[in-house]
Amino acid sequence: MSSVIMRSANLSDVEPISSIYNQAVLTTTATYDYEPESLDRRVAWYQEHVSLNLPVFVAVAEDGEVVGWSSLSPYHRRPGFRFTVENSIYVASGWRGQGVGQLLLEPLIMRGSQLGLRSIIAAVDATNEASLRLHARFDFREVGRFPEVGFKFDRWLDVVYLQRKLSLERGSV
């Protein structure tokens with residue numbers, strides 16, 4: 001995929017990140033949100049990631065269009081979970097199935113190891129076969145399946161939890 005580059009996101013990327021997410025809210029079960037989020041909420045999300053030193057990456061096409069994004073977020077706020085994060089990966093609808101997800105997931109794993117994290121968790125809708133295959137390619141293993149815990153588009157949805165254990169960098173906890 002030579003026409004797409006990966007880089008760390010900056011504040012000017014927040015609007016396209018929000019647009020990609022909101023499109024997924026309205027048309028997919030990749031998120032169980034029902035309503036598009038405001039740009040102010042996404043800005044606060046981005047600023048929190050910066051303050052926590054958690055990565056947000058964007059995939060950018062040759063013309064400068066942001067065509068996907070990924071991030072690591074706290075799994076839980078309790079201190080005992082501080083070495084575990086949850087990933088998010090969203091690709092613009094016209095770019096799905098072209099390898100953008102792979103470009104977005106690989107740096108999350110590398111950055112997680114550099115940060116001394118122990119595990120990345122992915123919560124994936126059980127019908128999202130593309131996301132399940134993507135995570136499997138990067139050695140995520142299914143660790144749980146919760147039947148009918150989500151509800152969207154007038155149907156009950158199952159969530160599959162996947163985990164990727166990370167190699168701790170030398171000198172990490």
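Select Leu-134 to begin: with a relative accessibility of 9%, this residue counts as buried, because the cut-off for buried is under 20%. The model is a predicted one. Leu-134 belongs to helix H4. Add Gly-99 to the selection and draw a C-alpha to C-alpha distance: Leu-134 and Gly-99 are 9.3 Å apart in space and 35 residues apart in sequence.

**The largest pocket**

Next, display the pockets. Rolling a probe the size of a water molecule over the atoms shows where empty space is left. The largest pocket has a volume of about 1,300 Å³. Which residues are closest to its centre? Select Ala-30, Thr-31, Ser-88, Ile-89 and Tyr-90, which hold that position among the 45 residues that line the largest pocket.

Now colour the secondary structure elements around this pocket. Helices H1 (14-27), H2 (39-51), H3 (100-114) and H4 (129-137) each supply at least two residues of the lining. Strands S3 (66-74), S4 (84-91), S5 (119-125) and S7 (155-165) each supply at least two as well. Coloured by residue class, the lining of the largest pocket divides into 19 nonpolar, 15 polar and eleven charged residues.

**The second largest pocket**

Move on to the second largest pocket, which holds about 220 Å³ of space. Select Leu-54, Pro-74, Arg-82, Val-85 and Leu-117: of the 15 residues in its lining, these lie nearest the centre. The lining of the second largest pocket comprises nine nonpolar, three polar and three charged residues.

**Salt bridges**

Side chains of opposite charge can pair when their charged atoms come close. How many salt bridges does a search of the whole structure find? The search finds six, and three stops follow.

- Select Asp-13 and Arg-7, whose side chains meet in a salt bridge at 2.7 Å, N to O. Asp-13 is buried, with a relative accessible area of 3%, whereas Arg-7 is partly exposed at 28%.
- Select Glu-37 and Arg-42, which form a salt bridge with the closest N and O atoms 2.2 Å apart. Glu-37 counts as buried at 10% relative accessibility, and Arg-42 is buried at 4%.
- Select Arg-77 and Glu-48, a salt bridge in which the closest N and O atoms are 2.7 Å apart. This pair links distant parts of the chain, with Arg-77 in the loop between S3 and S4 and Glu-48 in helix H2, 29 residues apart. Arg-77 is exposed, with a relative accessible area of 59%, while Glu-48 is partly exposed at 28%.

**Positive phi**

Two residues to check in a backbone torsion plot come next. Select Asn-53, which has a positive phi of about 60° although it is not a glycine. Asn-53 is found in the loop between H2 and strand S2 (56-61). Is Asn-53 buried or exposed? At 44% relative accessibility, Asn-53 counts as partly exposed.

Then select Glu-148, also not a glycine, with a positive phi of about 50°. Glu-148 is found in strand S6. Its relative accessible area is 52%, so Glu-148 is exposed.

**The nonpolar patch**

For the last stop, stay on strand S6 (residues 141-152) and select Phe-151. Phe-151 counts as partly exposed, with 33% relative accessibility. Add Tyr-34 and Trp-156, and show the surface: together with Phe-151 they make a nonpolar surface patch of about 360 Å².

Note on methods:
Residues numbered from 1 in each chain as written. Predicted model: local features only at pLDDT ≥ 70, side-chain atom pairs only at ≥ 80, totals over all residues. Heavy atoms only, no water. Patch = residues over 30% accessible without salt bridge, like charges linked within 9 Å, V, L, I, M, F, W, Y side chains within 5 Å. Areas by Shrake-Rupley, 256 points an atom, 1.4 Å probe, with all protein chains shown as cover. Salt bridge = Lys/Arg side-chain N within 4 Å of Asp/Glu carboxyl O. Helix = DSSP H or I, 4+ residues; strand = E, 2+ residues; numbered from the N terminus. Buried < 20%, exposed > 50% of the residue type's maximum accessible area, 1.4 Å probe, protein only. 1 Å grid on protein atoms, 1.4 Å probe; cavity = no way out; pocket = protein on both sides within 12 Å on 5 of 7 lines; lining within 4 Å. Points joined across faces, edges and corners; volume = space filled by probe spheres on them. Nonpolar A, V, L, I, M, F, W, Y, C, P; charged D, E, K, R; others polar.
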